[in-house]
Amino acid sequence: MNLDLDEKIAIVTGGASNIGRAISMNLAKEGANVIVADLDTEQGQITSGAANQQYSGEVIFQQCDVTDTKNVKSLFEMTVGKYGAVDVLVNAVGWDELQYFTATEPNFWDKIIEINFKGVLNCSFEALKIMNTKGSGSIVSISSDASKQGEPREAVYGAMKAGVNSFMKTIAKENGRYGVRCNTVCPGVTIPEDDTEVGDSSMWKNIDSMFTQEQLAKIAKTLPLKKIGRPQDVANAVLFLASNKVAGHITGQVLSVSGGYSMV
Ligand SMILES: NC(=O)c1ccc[n+]([C@@H]2O[C@H](COP(=O)([O-])OP(=O)(O)OC[C@H]3O[C@@H](n4cnc5c(N)ncnc54)[C@H](O)[C@@H]3O)[C@@H](O)[C@H]2O)c1
């Protein structure tokens with residue numbers, strides 16, 4: 001199916017590894033020009049290089065820390081300077097370490113708030129100015145089913161992702177009149193196919209530090225679809241929501257891609 005993303009300009013934050021990487025690759029496959037915006041230069045260059053080898057869209061890497069407003073401003077200025085527009089923004093950056101709330105400290109909470117919540121605000125703010133002026137655009141934020149479920153060891157992360165869900169609904173209501181759609185995708189546990197898909201700064205560089213193989217098997221057993229998610233599962237949903245052609249009447253939605261983990 002033609003999604004009409006050919007030659008569209010897409011920024012994917014956290015686009016170097018795992019879910020963000022699959023989103024960058026998917027968009028490039030559809031012919032979009034993709035800016036992979038990530039902290040991790042080495043993995044960002046690997047991902048952009050791989051996409052350029054295989055697909056028609058031009059993929060460039062831009063080093064960017066989404067928590068730094070100056071960095072984010074430069075990212076959007078560079079993109080508009082080079083391509084004249086931003087048609088799609090995917091906020092895929094996220095970070096967490098699994099710990100019980102009572103075992104954590106305020107500086108850990110601050111880091112989670114900055115990366116998972118403020119990063120989305122910073123990038124969406126710049127994108128909306130450009131998209132509203134153009135009269136079209138699609139923003140997709142990657143949240144988490146932890147935002148709906150109250151996951152043990154993800155207290156602050158889950159709260160920030162719930163904040164993202166709400167923020168995205170509000171900006172959907174505020175900016176629909178300018179032709180801008182804003183949607184959210186909530187993955188469940190989603191692991192890379194292999195370790196070439198993740199750089200050193202990925203949460204999944206050492207999968208065992210997140211979940212042991214036994215824990216992953218247990219999680220899969222509890223899910224209606226009986227399997228753990230893969231980055232492509234999430235990236236397919238993002239591609240759909242990014243496309244004005246197929247999702248042109250969809251905004252303010254929060255879609256779980258989690259094997260049925262959450263049905264709220
Ligand atoms: N993988 C999962 O199981 C899962 C589940 C639910 C939600 N999510 C969400 O999906 C998104 C992608 O997760 P993932 O598993 O691909 O993560 P990941 O850790 O594999 O990749 C995250 C990427 O973001 C980059 N990054 C981190 N901080 C950054 C910053 N401040 N500025 C710019 N780049 C930064 C990293 O370098 C990395 O390339 C995140 O928002 C995450 O919270 C993931």
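This passage describes the overall form, the nonpolar core and the ligand surroundings of a predicted model.

The chain contains nine helices and seven strands, and its C-alpha atoms fill a box of roughly 45 × 40 × 35 Å when the box is taken along the principal axes. For a chain of 264 residues, a compact globule would be expected to have a radius of gyration near 18 Å, and the value of 17 Å computed for the chain agrees with this expectation. Of the 264 residues, 48% count as buried. Among the contacts in the chain with a separation of 6 or more, 73% are accounted for by residues 24 or more positions apart.

The largest nonpolar core holds 63 residues, of which A10, V12, V34 and V238 touch the most other members. Helix α4 gives the most to this core, with nine residues. In soluble globular proteins, nonpolar side chains tend to be buried together. One of the core residues named above, A10, lies in strand β1, and A10 counts as buried because 30 other C-beta atoms lie within 10 Å, where 20 or more are required. When neighbours within four places in sequence are left aside, A10 is in contact with L27, A32, V34, D87, V88, V90 and A242. By contrast, the C-alpha atoms of A10 and S147, which are 137 residues apart along the chain, are separated by 26 Å. For V34, if residues up to four places away in sequence are not counted, the residues touched are A10, V12, S24, L27, A28, A51, G57 and V59.

The ligand is surrounded by 32 residues, and the closest of these are G14, N18, I19, G94 and S202. By residue class, the shell around the ligand divides into 15 nonpolar, 14 polar and three charged residues. Two helices, α1 (18-29) and α4 (106-134), each supply at least two residues of this shell, and α1 gives the most to the shell, with three residues.

Helix α1 can be described further. It has 12 residues and reaches 16 Å from its first C-alpha to its last, which is close to the 16 Å expected at 1.5 Å a residue. The helix is mostly covered, since 11 of its 12 residues are buried. Among the buried residues of α1 are N18 and I19, both of which are also listed with the residues closest to the ligand. The buried residues of α1 also include S24, L27 and A28, which are in contact with V34, and L27 is in addition a contact of A10. Just after α1, G31 takes a positive phi of about 95°.

Positive phi values are also found in residues other than glycine, including D4 and R153. The phi of D4 is near 60°, and D4 is placed in the segment before β1 (9-13). The phi of R153 is near 75°, and R153 lies in the loop between α5 (146-149) and α6 (155-175). D4 counts as partly exposed because it has 14 C-beta neighbours inside 10 Å, and R153, with 15 such neighbours inside 10 Å, therefore counts as partly exposed as well.

Conventions. Residues are numbered from 1 along each chain as its sequence is written. This is a predicted model: local features need pLDDT of at least 70, side-chain atom pairs count only at pLDDT 80 or more; totals for chains, interfaces and linings use all residues. A residue is near a molecule or strand if its C-beta atom, placed from the backbone, lies within 6 Å of it. Helices (H or I, at least four residues) and strands (E, at least two) are DSSP runs, numbered from the N terminus. Ala, Val, Leu, Ile, Met, Phe, Trp, Tyr, Cys and Pro count as nonpolar, Asp, Glu, Lys and Arg as charged, and the others, Gly among them, as polar. A nonpolar core is a set of buried Ala, Val, Leu, Ile, Met, Phe, Trp, Tyr and Cys residues joined through C-beta atoms within 7 Å. Two residues are in contact if their C-beta atoms, placed from the backbone, lie within 7 Å. The expected span of a helix is 1.5 Å times one less than its number of residues. The radius of gyration is taken over C-alpha atoms; the globule rule is 2.2 Å times the number of residues to the power 0.38.
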